[in-house]
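Trainee: Before I use words such as compact or buried, I would like to learn how each of them is justified.
Mentor: Then let us take them one at a time, with the structure in view.

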Amino acid sequence: MSKIVSIHSFRGGTGKSNIAANLAVLTALRGKRVGVVDTDVQSPGIHVLFGFDEERVERALNDYLWGRCRIEETAYDVSAVLAQAPAPAPAEAALFLIPSSLRTGEIARVLREGYDVARLNDGFRELQRALCLDYLFIDTHPGVNEETLLSIAISDALVIVLRADNQDYQGTAVTVDLAQRLETPRIMLVVNKVLEPIDVDAVSQRISQSYGVPVAGVLPLSEDMVRLASGGVFALAHPAHRVTDVLPGVAAQLP
């Protein structure tokens with residue numbers, strides 16, 4: 001049965017989109033059919049991680065939201081990136097990207113008029129059916145808005161990304177509370193950009209106890225991630241890296 005996984009953070013700059021892209025790739029490399037949808041329509045960008053040039057975007061999620069096309073027409077097969085993995089991907093593996101538009105006029109229209117958020121729910125289900133997806137990853141807009149609440153409400157799992165930062169701690173508490181009220185079946189935390197040396201067990205235990213939900217992974221602050229500068233999916237560019245070592249364990253905890 002197809003699963004929906006939302007990747008969320010209360011604030012920007014946590015590395016949410018990077019983690020979403022990496023989890024999607026690692027899941028596809030397990031022989032799954034995976035979709036990644038960028039619902040951050042106000043500030044889209046996950047397509048950059050897949051080396052997807054915005055000039056190739058003939059139709060984006062915005063076009064579906066405003067009734068211009070079917071949502072499956074906004075999906076682009078980016079399975080070619082899986083060839084960068086050290087081992088060949090299983091034949092059944094597939095990866096699809098559903099980008100939001102980077103055109104200034106499209107973003108301005110979203111900010112000015114909004115869109116029918118309820119239409120997203122139908123679109124997610126149609127994507128799962130039309131593309132025969134095993135997993136649909138939703139890269140959400142940071143913070144809490146109507147789209148975020150919808151994504152959380154329909155998700156089989158919610159991965160909340162936070163930094164070891166007091167503002168992130170407070171915002172994460174809000175997100176966890178909302179997800180629990182919406183009865184999201186599985187809630188996990190990923191602590192990102194932690195200064196080394198890291199006592200992973202101590203960090204995990206402290207944060208897990210604070211929120212009452214499990215910590216799926218603790219990722220160090222990495223200069224290599226900064227150098228990559230969103231120029232690719234980190235797990236593919238650095239398959240033997242200490243950051244990459246943590247990510248499969250997070251992916252393995254998804255339903």
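Trainee: What share of the contacts in the protein chain with a separation of 6 or more comes from residues 24 or more positions apart?
Mentor: This is a predicted model, and in it residues 24 or more positions apart account for 77% of those contacts, where a contact means heavy atoms within 4.5 Å.

Trainee: Why is the protein chain called as compact as a globular protein of that length?
Mentor: The chain, with its 11 helices and 8 strands, has a radius of gyration of 17 Å, and the globule rule gives 18 Å for 255 residues, so the two values are close and the description holds.

Trainee: What percentage of the residues of the protein chain count as buried?
Mentor: The figure is 53% of the 255 residues, and a residue earns the word when its relative accessible area is under 20%.

Trainee: What makes a group of residues the largest nonpolar core?
Mentor: Such a core is a set of buried residues of listed nonpolar types, joined through side-chain atoms within 4.5 Å; the largest one here has 45 residues, and F50, L95 and F137 have the most contacts inside it. Its largest share, 8 residues, comes from helix α1, which covers residues 16-28.

Trainee: Which residues does L95 touch, leaving out those up to four places away in sequence?
Mentor: Among them are A24 and V25, together with V34, V36, F50 and Y76. Apart from this core lies another, of 24 residues, including I4, V37, A75 and L120.

Definitions and conventions: Residues are numbered from 1 along each chain as its sequence is written. This is a predicted model: local features need pLDDT of at least 70, side-chain atom pairs count only at pLDDT 80 or more; totals for chains, interfaces and linings use all residues. Side-chain values use heavy atoms; hydrogens and water are left out. Helices (H or I, at least four residues) and strands (E, at least two) are DSSP runs, numbered from the N terminus. The radius of gyration is taken over C-alpha atoms; the globule rule is 2.2 Å times the number of residues to the power 0.38. Buried means under 20% relative accessible area, exposed over 50%, partly exposed in between (1.4 Å probe, protein chains only).
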